[in-house]
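Thanks for asking me to look this one over. Here are my notes, set out point by point so you can follow along with the viewer open.

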Protein chains: 2
Amino acid sequence: MHIRRIHHVAVAHGDDSPLIGALVDHAGLTVTETEYGEGFTERMWPVGASYVQTLEATGDGIIERSLTSRGPGLHHLAFEVDDVEAAVADLRDAGVRVIDEAPRRVGHTLVAFVHPSAFGGVLVELVEELPASDLN
Amino acid sequence: MHIRRIHHVAVAHGDDSPLIGALVDHAGLTVTETEYGEGFTERMWPVGASYVQTLEATGDGIIERSLTSRGPGLHHLAFEVDDVEAAVADLRDAGVRVIDEAPRRVGHTLVAFVHPSAFGGVLVELVEELPASDLN
């Protein structure tokens, strides 16, 4: 696969976390996109050519489970690739365990998660930005 | 403070980790810098305008202790700032707990770590790239 950039670094937190206030007040960042998943709110904070992504648990779901098992903090690392379907196929051919056998559409991206066992305990997400002409 | 970019995302691992092999074979990355700390080897892997930084425990030290307490995986997030000394002063004035009261010289950078309590459990490093004229 060809990795273009770090697309985002994701952080899991609860609603009592100082994280949001610290990103605004100390880091000087601002939210440009907010999405709502099952039991969590996702916010994107541009930093240079990448983003910090905050994942706030709002109820039962993967983020609340992650907070329970591992506590708040760094959650996953997302790389932008040219073609996420081809990247997943290459990984599977190499015997790598992927979580999403087929890419999933999330907003204006296609994404697939790779099992953390493949990258030494790091949950890696592959992201392909869809051209505006593909968005419908 | 003004954050220019995500400078690097650091991952802690042991010598039996599949991480290095996965970064080479699956992610297609290469190491451009290697540094040796107390009990760890640090490698920088360029990705777009940022780096993945791998921290391999090689003996007693902060990385081995991190592996013991938290296991392998994402370790810290580093932001490049214009002026790390001014950024630390601003944080201290705001009552934020910083680990390095004064920036430390590491290679061709000045760095300071902020306590993870400030950013919701994320260990944040501030990095200032020194101009070549300051390197001696």
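The points below begin with chain A as a whole and then move to individual residues in chains A and B.

1. A word on the source before anything else: this is a predicted model. Please read every distance and percentage below as computed from that model.

2. Let's begin with the fold of chain A. Its secondary structure consists of 3 helices and 8 strands. Starting at the N terminus, the order is β-α-β-β-β-α-β-α-β-β-β.

3. Next come the dimensions. A compact globule of 136 residues would be expected to have a radius of gyration near 14 Å, and chain A, at 15 Å, agrees with that. Along the principal axes, the C-alpha atoms of the chain occupy a box of roughly 45 × 35 × 25 Å.

4. How much of chain A is buried? Of its 136 residues, 52% fall in that class. The accessible surface amounts to about 6300 Å², and carbon and sulfur atoms make up 48% of it. As for contacts with a separation of 6 or more, 50% involve residues 24 or more positions apart.

5. The charges in chain A deserve a line of their own. There are 9 positive and 22 negative side chains. The centres of these two sets lie 3 Å apart.

6. His8(A) is a good residue to click on. It sits in strand 1 of chain A, which covers residues 3–13. His8(A) counts as buried because its relative accessibility is 2%, and the cut-off for buried is under 20%. Which side chains make polar contacts with that of His8(A)? One is His7(A), at 2.9 Å, and another is His76(A), at 3.0 Å.

7. Staying with His8(A), have a look at its surroundings beyond four places in sequence. There His8(A) is in contact with Met44(A), Tyr51(A) and Gln53(A), with His76(A), Leu77(A) and Ala78(A), and also with Glu125(A) and Val127(A). His76(A) therefore appears both in this contact list and as a polar partner of His8(A).

8. Is Asp15(A) buried or exposed? With a relative accessible area of 65%, Asp15(A) is exposed, because the cut-off for that class is over 50%. Asp15(A) belongs to the loop between strand 1 and helix 1 of chain A, the helix being 19–25. Apart from neighbours within four places in sequence, Asp15(A) contacts Glu56(A) and Ala57(A). The C-alpha atoms of Asp15(A) and Thr58(A) are 7.4 Å apart, with their positions 43 residues apart along the chain.

9. Thr41(A) is found in strand 3 of chain A, residues 40–47. At 6% relative accessibility, Thr41(A) counts as buried. Setting aside neighbours within four places in sequence, its contacts are Thr34(A), Glu35(A), Tyr36(A), Thr54(A), Leu55(A), Glu56(A) and Thr58(A). You will recognise Glu56(A), which is in contact with Asp15(A) and with Thr41(A).

10. Asp25(A) is part of helix 1 of chain A. With 60% relative accessibility, Asp25(A) counts as exposed. If you would like a long distance to check in the viewer, take Asp25(A) and Val96(A): they are 71 residues apart in sequence and 41 Å apart from C-alpha to C-alpha.

11. Over in chain B, Ile20(B) lies in helix 1, residues 19–25. Why is Ile20(B) described as partly exposed? Its relative accessible area is 23%, and partly exposed covers values between the buried limit of 20% and the exposed limit of 50%. Leaving out neighbours within four places in sequence, Ile20(B) is in contact with His13(B), Arg43(B), Trp45(B) and Thr54(B). The C-alpha atoms of Ile20(B) and Gly37(B), 17 residues apart along the chain, are 18 Å from each other.

12. My last stop is His115(B). Where is His115(B) placed? It is in the loop of chain B that runs between strand 7 (109–114) and strand 8 (124–129). Not counting residues up to four places away, His115(B) touches Arg97(B), Val98(B) and Ile99(B). From C-alpha to C-alpha, His115(B) and Pro46(B) are 26 Å apart in space, and 69 residues separate them in sequence.

Notes: Residues numbered from 1 in each chain as written. Chains lettered and ligands numbered in written order. Predicted model: local features only at pLDDT ≥ 70, side-chain atom pairs only at ≥ 80, totals over all residues. Heavy atoms only, no water. Helix = DSSP H or I, 4+ residues; strand = E, 2+ residues; numbered from the N terminus. Rg over C-alpha atoms; globule rule 2.2 N^0.38 Å. Buried < 20%, exposed > 50% of the residue type's maximum accessible area, 1.4 Å probe, protein only. Contact = heavy atoms within 4.5 Å. Areas by Shrake-Rupley, 256 points an atom, 1.4 Å probe, with all protein chains shown as cover. Lys, Arg positive; Asp, Glu negative; His and termini not counted. Charge placed at Lys NZ, Arg CZ, Asp CG, Glu CD. Polar contact = N/O pair within 3.5 Å; in protein donor to acceptor, adjacent residues only side chain to side chain.
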